[in-house]
Amino acid sequence: MNKRDLINDLLASVDRVATGASRRLAGRTSRRSFVGKLGAVLVGMGAFPVLPVYRQAAAAADIPELGDPQSCDYWRYCAFSGSLCSCCGGSQTQCPAGSETASVAWVGTCQNPTDGKNYLISYNDCCGKSYCNRCSCHRSEGDRPVYFPSKSNSILWCFGSQSHAYHCTLALVIGEVDSTVAG
Amino acid sequence: MIQRLVSGLIAILCCLSLSAQEWDSVVGAVGSIDEPTPHWFTLRGYNITYLVNGDTAEVEGTLTLSMFSPALRPQIDKDRIYSYGSFYTRTYYGERTDVVLIFDSNTLAPIAEVEIPAKSAGLGHGGMIGLIDDKFLGIWNITPAMSVSIVDVDAEEFVGEVSTPGCAAVYPIDRGFLMPCGDGTLQYISLDRNGKESGRIRSRVFFNVDEDPIFDYAVPTTNGWMFMSFDGLVFEASVANGEITISEPWSIISQDEEDAQWRISGGQPFAYNAATGVLVTLMHEGGGQETFEDPGTQVWGFDTNTRRRGYRMELGEEMATGVALTADAEPLLIIVPDEQRTLRIASATTGRILRTMDEMGGGLVQNLLPAE
């Protein structure tokens with residue numbers, strides 16, 4: 001699947017969960033931040049914006065990777081904002097016990113230094129518990145105001161979960177970016 | 001034995017209170033606050049808001065809010081302060097209820113609430129809630145569909161919800177409100193006497209969200225609202241004769257080579273006082289647009305009549321996340337530290353520090369009284 005196909009799939013999925021939202025609106029939905037959290041650097045992201053993605057669109061990753069998932073420098077966190085779930089009893093792919101994932105998440109493009117390829121990363125919030133407040137990583141390249149939520153980290157993103165109390169955030173690899181369309 | 005001691009102590013205290021009136025009551029007392037002046041402001045903390053007298057640098061009282069209550073909307077002439085929040089039956093989980101909170105501005109006690117759709121934005125700034133024509137509150141929602149909940153504050157009733165795709169915040173003008181939109185325009189939605197939408201118009205496209213977006217934060221002017229772009233362009237917006245007028249922009253960044261390295265930033269990055277024409281901006285050196293939320297290291301003060309900078313205030317080691325101005329003709333400048341440190345209160349016209357307050361910081365500053 002190339003990037004454009006994936007974007008279209010993601011937007012179609014978001015339309016289903018964004019009650020009352022037009023397709024145009026859904027395309028502007030964005031990742032979030034909680035109190036004190038700032039934006040995200042999109043290393044190797046180019047012109048590709050952060051986009052909303054329905055959680056079930058995520059796929060298992062089986063790629064070579066090195067690095068410490070409890071460090072903000074970990075390659076998957078290039079567009080991260082919030083507390084790392086890997087420091088809160090979960091991992092970069094699993095919410096801590098007792099929390100729940102939001103049904104809408106956000107995608108950045110990060111370059112994996114191990115194989116040199118660009119991957120789409122879905123940043124899913126884990127919600128329904130108090131703020132973990134450990135391993136806070138805040139970056140903001142490409143961040144935009146809330147009226148352009150597809151690139152805004154100033155919004156609380158726990159949509160679709162039972163509670164919008166923010167706990168921590170995952171970083172799921174959901175696909176490889178087609179080099180022919182990479183921004 | 002202990003019971004006897006306690007009984008004896010209570011008896012002694014009772015006797016003392018009867019015989020010596022200068023002793024405090026053993027159960028304490030509950031006060032109310034003084035009449036606010038234009039130099040009073042509020043500072044948002046965690047789940048609480050402080051009411052501060054800027055002339056004395058004293059906390060005069062507090063309001064307890066939810067952890068999803070970004071801002072207040074005072075209506076002091078009606079002895080009320082409004083906010084909104086989300087509440088769960090088990091604090092962080094359980095059944096969610098969103099309400100407009102109504103406080104008595106004298107006792108600071110909650111006196112009423114109005115349930116609204118459980119869609120309100122849990123983070124943000126003063127633009128998340130607006131008092132429209134002294135009659136309606138508008139509360140910005142994101143689910144992620146964007147809309148505004150309208151509440152009649154006199155009837156204490158939820159009126160309805162206005163869909164506002166692609167546009168955020170509530171900046172009231174007359175019986176309606178402006179919203180910045182992702183397509184580079186402002187939208188104005190007018191309400192009828194019952195709080196229902198009676199029309200909506202768009203401005204011309206005046207910014208590009210990819211090249212130089214405006215902050216979603218705006219401050220009131222005499223006739224409308226002032227917006228600022230990430231690169232420091234100042235726009236004033238007003239509504240008249242069914243049209244939204246956007247002024248030609250001017251830049252707070254001069255052609256000076258050294259100035260060109262500076263950027264406006266912060267959670268509350270600029271403030272304007274219409275009575276004096278003073279504009280203050282929070283600035284930091286270096287970086288690109290991605291630093292628009294970074295703390296600032298200087299405050300710049302401008303005279304908007306001449307569009308010239310009057311002062312640069314160096315903040316030293318304690319950086320700031322926000323600046324605010326009181327709305328009167330002798331305005332105070334409030335500088336909010338980026339952590340729970342020292343809040344500074346200065347003269348807005350000279351930049352001279354007048355007072356400081358320790359253990360205050362981090363949150364949104366709002367005026368209790370509007371401009372005259």
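In the predicted model, strand E14 of chain B and strand E15 (residues 197–202) of chain B are paired in the antiparallel sense, with five bridges between them. Within this pair, Ser190(B) stands opposite Gly199(B), a residue of E15(B). The two strands, E14(B) and E15(B), form a hairpin in which five residues lie between them, and Gly195(B), in the turn, has a positive phi of about 90°.

E14(B) is also joined by five bridges to strand E13 (residues 176–180) of chain B, and these two strands run antiparallel. Here Met179(B) has Gln187(B), in E14(B), as its bridge partner. E13(B) and E14(B) likewise belong to a hairpin with five residues between the strands, where Gly184(B) takes a positive phi near 90°. As for the surroundings of E14 (residues 186–191) of chain B, five of its six residues are buried, so that the strand is largely enclosed by the rest of the structure. In a regular strand, the side chains alternate between the two faces of the sheet.

A further part of chain B contains an open sheet of four strands, which follow the order E8-E9-E10-E11 and pair in the antiparallel sense. Strand E8 (129–132) and strand E11 (157–163) of chain B stand at the edges of this sheet, and because each has a single partner strand, one side of each is left without a neighbour in the sheet. When direction is ignored, neighbouring strands of this sheet are turned against each other by 25° on average. The partner of the edge strand E11(B) in one of these pairings is strand E10 (residues 146–152) of chain B, and the antiparallel contact between E10(B) and E11(B) extends over six bridges. In this pairing Ile150(B) has Gly160(B), in E11(B), as its bridge partner.

Another antiparallel pair in chain B is made by strand E6 (residues 96–104) and strand E7 (residues 110–116), which are connected over six bridges. Leu101(B) finds its bridge partner within E7(B) in Glu113(B). E6(B) and E7(B) form a hairpin with five residues between the strands, and in this hairpin Leu108(B) takes a positive phi near 60°.

Regarding confidence, the mean pLDDT of chain B is 93, and 94% of the residues of this chain reach 70 or more. For the complex, the predictor gives an ipTM of 0.87 together with a pTM of 0.83.

Note on methods: Residues numbered from 1 in each chain as written. Chains lettered and ligands numbered in written order. Predicted model: local features only at pLDDT ≥ 70, side-chain atom pairs only at ≥ 80, totals over all residues. Buried ≥ 20, exposed ≤ 12 C-beta atoms within 10 Å, placed from the backbone. Pairing = 2+ DSSP bridges. pLDDT = per-residue confidence, 0-100. Axes fitted to C-alpha atoms, helices over the stretch in contact; angles between N-to-C directions.
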